[in-house]
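Student: Walk me through this one with a few quick questions, please.

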Amino acid sequence: DTGLAVLLMFFAYLRPGEATRLYESDIFRPAFKGQPFAINLHPSEKGLSSKVNVSDESILLDSKEAPYLGELLESLKQGNREARLFRKDYIIMKKEFETAQ
């Protein structure tokens, strides 16, 4: 899942901490066929806000280069809305990324 986290950071312009703090409940399936998945950053119901104090930022995963990204994120879900989407913490992912280079 480290590679998927890096892809998400690249295509959604996320900081590493933003990606690693995503919960299963922050990934939204499209309402209609053909529409992109979306993520909700810094959900206000969890009392979270960004570095610039913004909550509930919706980001569409609509990249033409990675149309599969939403489906892959959805596949990480294990049925617990309060669980982190990426189970590894940032430090472990960083080490794996550096080793793969």
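Tutor: One term before we start: buried means under 20% relative accessible area, exposed over 50%, and partly exposed in between (1.4 Å probe, protein chains only). The model is predicted, so local features need pLDDT of at least 70 and side-chain atom pairs count only at pLDDT 80 or more, while totals for chains, interfaces and linings use all residues. Residues are numbered from 1 along each chain as its sequence is written, and side-chain values use heavy atoms, with hydrogens and water left out.

Student: Is F11 buried, exposed or partly exposed?

Tutor: Its relative accessible area is 23%. With the cut-offs at 20% and 50%, that makes F11 partly exposed.

Student: What kind of aromatic pair do F10 and F11 make?

Tutor: Rings of Phe, Tyr and Trp (its six-membered ring) pair if their centres lie within 6.5 Å; planes under 30 degrees apart are stacked, over 60 edge-to-face, the rest tilted. The count by this rule is 1 aromatic pair. The F10 and F11 ring centres sit 5.1 Å apart with planes at 85 degrees, so the pair is edge-to-face.

Student: Which element gives the largest share of the largest nonpolar core?

Tutor: Such a core is a set of buried Ala, Val, Leu, Ile, Met, Phe, Trp, Tyr and Cys residues joined through side-chain atoms within 4.5 Å. The largest one has 21 residues, and L8, L14, I39, L61, L73 and F86 have the most contacts inside it. Two or more residues each come from α1 (2–12), β2 (37–41), β3 and α3, helices being DSSP runs of H or I (at least four residues) and strands runs of E (at least two), numbered from the N terminus. The largest share, 5 residues, comes from α1.

Student: How many residues apart in sequence are the parts that D26 and K46 tie together?

Tutor: Their side chains meet in a salt bridge (3.6 Å, N to O), meaning a side-chain nitrogen of Lys or Arg within 4 Å of a carboxyl oxygen of Asp or Glu. D26 lies in the loop between α2 (16–20) and β1 (27–28), and K46 in the loop between β2 and β3. D26 is buried at 1%, whereas K46 is partly exposed at 25%. The parts tied together are apart in sequence by 20 residues.

Student: Which residue does E18 meet in a salt bridge?

Tutor: E18 counts as buried at 8% relative accessibility, and its partner is partly exposed at 44%. The N to O distance is 3.6 Å, and the partner is R15.
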